Structure formats: C-alpha cells, structure tokens
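Open your viewer, switch on side chains, and keep a selection box handy. We'll go from stop to stop, and at each one you'll get something to pick and something to look at.

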Amino acid sequence: MISLAGRDILHAWGKFVFTGIGLGLLIGVTLTMAGVYRGMIDDAMVLLDNSGADLWVVQKDTQGPYAESSSLYDDTWRGIAAMPGVASAANVTYLTMQVRAVNRSQQRDVRAMVVGVSADGPGTAGWPPYLVAGRQITRSHYEAVADIASGFRLGDTLQIRRNRYTVVGLTRRMVSSNGDPMVFIPLKDAQQAQFLKDNEAILQQRRRTAENPAFNRPGVPGLLDAVIASQSSNNYVNAVLVRIKPGTTANEVAEPIRRWKRLTVFTRAQMEDILVNKLIATAAKQIGMFMVILAMVSAAIVAFIIYTLTMDKIREIAVLKLIGTRNRTIAAMIMQQALALGLIGFAVGKITATFAAPIFPKYVLLLPGDSLKGLAAVIVICALASLIAIRMALKVDPAEAIGG
Amino acid sequence: MSTNKGIRIEGLKKRYGSGDTAVDALKGVTMQVDPGEVVGLVGPSGSGKSTLLKCLGAVIDPTAGRMVLGDEVIYDDGWKVRDLRALRRDRIGFVFQAPYLIPFLDVTDNVALLPMLAGMPNAEARARALELLTALDVQHRAKAMPSQLSGGEQQRVAIARGLVNHPPVILADEPTAPLDSQRAMAVIRILNDMAKKYQTAIIVVTHDEKIIPTFKRIYHIRDGVTHEEAGEGRGFD
C-alpha cells in the first residue's frame, strides 16, 4: 500500500516545508527557553562548585550570601576555622554591580558579580579554581581576575567604584546564579567597594560626628578620630566558606557552628535547594508558562494547517470513502501529515536552537534528554492537533461524491 | 446473455423523513442491467436519479425492495452484506460527473489505489492499472499528475479507476457533463467497449441529450418510478 500522506506531502511540499519552518521557529524558541532554564540551574551549580566550599556560614536567620544579603564580622572565620572537622575557612564578599573597562577607546560596561577573595592565595575557597589565561591575583590590591564571558581582556583596567584594577587573569564559567560573569578582586578592596561612600557623604558624616558632643568630648582626646575611623572602614564580609576535613560529614561540622557561633550554616544540598527552588523559582515558573503558551500556539498552528489541508481535500476524501477506503486509512493519512509537519518543525527548531544558543545573551544548556522530551511533546501535540481534522474527515459522507 | 449476473433491482423504495413530512424519493424502482450492457437512466432534476444511484452504490439505505448483484442478493428489505465498504470497493465501480482523481497521486496510482486498498501487492496493482490505461489509450500519461491531463484524459483515467477491480457493475453519474460533444461521444464509446470487454453492467445517469440516442435501453425515472423503453442505440453495435 502506498503512503497517501507521503504522496500528499510530496505534492504540496512547499506548504509543508514553509509551515514546518514557521512551526520550527516556535519549537526552536521553546527548546531555547528550556535551555535557558537548564542554564540557570547549571549556573547555580557552577557557582557552588567553583566556590570550592562544603559549608556556607552566613548571618543568623538569613539565606545568604546568594539569595539574601548577609553580614558577618570579618574575623568570624578564625573561630570557625578552629571548630572540629573544619579543614579551612575563608571570608568572601559578593557584590553585583556594573564594572567598566576604562582603558579602551570605547568603554565597556558589564554587569558582573565582584567577588572579594581572601588573601590566602589560590586554592582557597572562593578563589577561581582554574585560569584560561594570565595568572592569579598575587598582590593585596588593585588586581583582578575576570570571567572570559565578561569580555574583559588581560591588561584591561577596570573601574570598580573609585579604584582601578588591572586584569591579570582570565577564567571561564565563573558566573553568578543570574549568569553574570564574576570579577575576582582582593578581599580588602571588595570590602571597601561595598562600603565606600562618595566624598561629599564622607564630609557630611565627619561633620555630623564632630558636632555630636558624645563623640567630641574635650576631655577625651582621640575619641573623635577613633569614631570617624570606625565609620569609614568596613569590617564585614558576606559569608565564610568552609571546607571540611576528610572523614567528616557536612552536617556533623555544621551543627556545632550553628550551636556555638549562633550563625546560620548551609550544606551543599541546602544551598542547592535555595538556589534552585527559591532564587530561580519565579524565573523557572515564567519560563514554564511561556513554554506552555508556545506549546499551545504550536498545537493551534498544526491543528489549523492540518484542518485547512483536510478541508481542501473534502471531495477527494468523499471519493476515497465511496470507493471503499477504510476510515483508519484516511485517519492515518491525516495523522501522518500532522506528525510529518511536527517532525519538520522539530528538525528546524532543533537546528535553530543549536545555532542560536551560543549567541543568546544568557547561558543556554541544551540537554539531549530535553530534546527527546521536546520531540515526544511535539509528536503528542501534533497527534492531538490532528484529531479535529480526522473527526471532520470521518464525518464526510461518501454520498457527497455523487452529485445532486 | 446470462440473467444471473449484472444487477437486478426489484421494487426499490426510498423514503426520506417520516410522518407528515415524509418524502418518497423512490416508489418502487425495478430495473435490470445485464453484463456487457450500457443502459441510460434519464430523468429531470428531482426525479430520484441521484437517490437511486446512492442506493445502488450502497451509500444510503433503501427503505424496501430487493437488489441482486451477480448471483448474490445484496439487499432484501435490508442489507444482506455485512461490509458495505468492501462491497463498494470490490464489486461496484464509480465514474463521477467530474473525474475527482486524487490530485497527489499520479495516473497509475490513481487507478491502482483500489486494488491496493483491497490488499493487492503494489506491483500487481500497477500492472493491472497499466493494462486498463492501455485499453483506454492513456498509457502514455501513466506517470503524469491529474492536473497535467486534459478533461477527456482525466475522465478516461476515472473510467479506468472504476473498472480496475473488475466490478460486475459500474455506476456512472453524468460522466459526460463537463465534456464537449466529441469527447462525450468518445467517453460513451469507451464505456461500451469496456462493458463488452470486461462484461460489466454499466448504468449511466444522464440528461445529456447528445448521448441519450446512443443507449439501446433507457430507463426513464419520474417521481420515483422507472419506465423502461428501447433506445436508438445509435452508433454502437
């Protein structure tokens, strides 16, 4: 038996191909959105992986440092480092801001997560674990390592608040949970950047402090200077990253820190839960909603096209039924056409998504499993969309082929 | 001529609706067409021609009567065959007013489709189609698409499709309506030739004045009743 659907497609290939391309672009957008969601999760996992930490110690009753703000005194790490089961502890700060490369003729302005890393050197938690060019930070001030996705180059001069930093190294896939590339600078510089006020604000604060008789007592020399000095320095970090000793579990080490230091401690699993289920939950829902809408639009397009193609063949279907064609043969013809349209669309969509992913402004992770699920969804949608046309075709009275 | 073949209809009735609004479209049609014979069924609009054709073609149910196809009673106050679809596919050929060829199949496959639907292997079905196309002198267009054929060629292909399963009866619904006189006569000649060659009983529904004189026997249908009369049989032996 010949394939009626195949012959019809070959006969009207232009209609199928152009409709398939249109449908494919929709499917491509859907696959890309799924890839964006996967990319967000991957970014979150990469953020945790690259921090090199087993535990995140943050301000009590906060979900920092990524989902909420968190402040700890910068000497907190010393006490934590002495706790049982702790191999090392390191301060870290995170600040998302616009970072400019000022040495180029055309200034680049990139949204980046500025990470302040402790002075303990490469290998410490919080530091970039590997570089693709240049070297790690070796000086206490004004050097930076940037993620290559930022577009910064070795030797670039970056403006972060009032200070300028030289890019001495480039790393890769060091991004925030939002996908912003990271720029690593020394911790002290980062603390200052977080706290730094403009000159006018500093002058105002000094004037107010000097006018406060509680701080400017004639009988207590040096008090005013001490107060002003404390106001213009930042002794806070956002988190302490902890590595545990081999043979201990994260929970074993976390519990004493919670109890004795009265701080909040997150294990890797808890931090994944915060990032995936809380931080990107709304974005995931938005993406999911868009995917549902796109699936519905795709189904409507397939249903409309197949319905129209079937309407165009009403007389032929009546003839086919009159000369003894089984209903299932006619139904199969319509369904096969819908599936063929879906497969053309999926192929176009997959190609579109694959080529669009690298130039998409957000990290798009296309997983083979998602593509297979997408293919299955396309097949189901097309099969369902063809039911309206099949129902109409089966209702055609073979007597319509006979005049009168 | 054998009387136990062809098609025989006795007292066929068809009523549409019920009660006060009932319409008797057929009021007891009796007719017989023998193998190899082409008869005309003529009548004005609304006389019941199409209703009779639909009853004969097993696409609507008669209300009463009896139909015998070949040796088998297919209707006797109810259908006696279970699968009407198979009956239409294997034992009744149709030729329509317009050819209604399947636009996405070439000429050969348009003709071969029926035996393929009946389960015949593709190669065998195509060979049979080619044989018929040769008999109808359109074998040179075997690979053409329907849209590439002239009206006369399309109608010859439609006739080949009606004949391809060697049905004992062919129902032709105004097969010459869209054709000029010359082509209309050519189609009637072909139907006569094919009826003789394949011993098929052919009923041609028409009100085409050009071809009515060509029938040897004519059934006039008026108000749901048929009247047989001898035709002129002009031009065909």
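This tour goes through a predicted model, beginning where the chains touch and then moving on to side chains.

**Stop 1: the A/B interface**

Colour by chain and pick out the residues in contact: 26 residues of chain A meet 25 residues of chain B. The two chains bury about 2,500 Å² between them, with 67% of that on carbon and sulfur atoms. How many salt bridges are there between chain A and chain B? The count is 1. To see it, select Arg7(A) and Asp109(B), whose closest N and O atoms are 2.6 Å apart. Now show polar contacts across the interface, where 6 residue pairs turn up. On the chain A side, the elements that give two or more residues are α1 (4–11), α10 (314–322) and α11 (327–356). Which of the elements gives the most to that side? Highlight α10(A), which gives 6 residues.

**Stop 2: aromatic pairs in chain A**

Across all chains, the structure holds 6 aromatic pairs. Start with Tyr66(A) and Tyr94(A): their ring centres are 5.0 Å apart and their planes sit at 55°, so this is a tilted pair. Tyr66(A) comes from the loop between β1 (55–58) and β2 (72–73), and Tyr94(A) from strand β3 (residues 86–101), so the pair ties together parts that are 28 residues apart in sequence. Put a surface on and check the two rings' owners: Tyr66(A) is buried at 11% relative accessibility, and Tyr94(A) is buried at 10%.

Next, select Tyr73(A) and Tyr236(A). This aromatic pair is stacked, at 4.9 Å centre to centre with 25° between the planes. Tyr73(A) belongs to strand β2 and Tyr236(A) to strand β10 (residues 236–237), so the pair bridges parts 163 residues apart in sequence. Tyr236(A) is partly exposed, with a relative accessible area of 35%.

**Stop 3: Asn238(A)**

Go along to Asn238(A), in the loop between β10 and β11 (239–244) of chain A. Is Asn238(A) buried or exposed? At 11% relative accessibility, Asn238(A) counts as buried. Look for two polar partners here. A polar atom of the Asn238(A) side chain lies 2.6 Å from the backbone nitrogen of Tyr94(A), the tyrosine from the tilted pair. The side chains of Asn238(A) and Gln194(A) are joined by a polar contact of 2.8 Å. Leaving out residues up to four places away in sequence, Asn238(A) also touches others, including Val58(A), Pro65(A), Leu72(A) and Val92(A).

**Stop 4: Gln159(A)**

Now select Gln159(A), in strand β7 (residues 157–160) of chain A. Gln159(A) is buried, with a relative accessible area of 13%. Its side chain reaches the backbone oxygen of Arg161(A) at 2.7 Å, and makes a polar contact of 3.0 Å with the side chain of Arg164(A). If you leave aside neighbours within four places in sequence, the contacts of Gln159(A) are Val99(A), Arg100(A), Val102(A) and Arg164(A).

**Stop 5: Arg173(A) and its partners**

What does the charged end of Arg173(A) sit over? Show Tyr363(A): the charged end is over that ring, 3.9 Å from its centre. Then add Asp42(A), which forms a salt bridge with Arg173(A), the closest N and O atoms being 2.7 Å apart. This pair links distant parts of the chain, with Asp42(A) in helix α2 (residues 13–51), Arg173(A) in the loop between β8 (163–171) and β9 (182–186), and their positions 131 residues apart. Asp42(A) is partly exposed at 22%, and Arg173(A) is partly exposed at 21%.

**Stop 6: a salt bridge within a helix**

For a local pair, zoom in on Arg258(A) and Glu255(A), whose closest N and O atoms are 3.3 Å apart in a salt bridge. Both lie in helix α7 (residues 250–261), 3 residues apart, about one turn of the helix. Arg258(A) is partly exposed at 24% relative accessibility, and so is Glu255(A), at 38%.

**Stop 7: over to chain B**

Hide chain A and select Phe94(B), Phe96(B) and Tyr100(B), which ring pairs link into a cluster. Next, pick Arg8(B), Glu10(B), Arg66(B) and Asp76(B) for a network of salt bridges. Finish at Lys210(B) and Asp208(B), a salt bridge with its closest N and O atoms 3.0 Å apart. Lys210(B) is partly exposed at 35%, whereas Asp208(B) is buried at 11%.

Conventions
Residues are numbered from 1 along each chain as its sequence is written. Chains are lettered from A and ligands numbered from 1 in the order in which they are written. This is a predicted model: local features need pLDDT of at least 70, side-chain atom pairs count only at pLDDT 80 or more; totals for chains, interfaces and linings use all residues. Side-chain values use heavy atoms; hydrogens and water are left out. Rings of Phe, Tyr and Trp (its six-membered ring) pair if their centres lie within 6.5 Å; planes under 30 degrees apart count as stacked, over 60 as edge-to-face and the rest as tilted. Helices (H or I, at least four residues) and strands (E, at least two) are DSSP runs, numbered from the N terminus. Buried means under 20% relative accessible area, exposed over 50%, partly exposed in between (1.4 Å probe, protein chains only). A charge sits over a ring if NZ of Lys or CZ of Arg is within 6 Å of the ring centre and within 35 degrees of the ring normal. Contact means heavy atoms within 4.5 Å. Buried area is the accessible area (1.4 Å probe) that two parts lose on being put together, summed over both. A salt bridge is a side-chain nitrogen of Lys or Arg within 4 Å of a carboxyl oxygen of Asp or Glu. A polar contact is a pair of N or O atoms within 3.5 Å; within protein, one must be able to donate a hydrogen and the other to accept it, and residues adjacent in sequence count only if both atoms are side-chain atoms.
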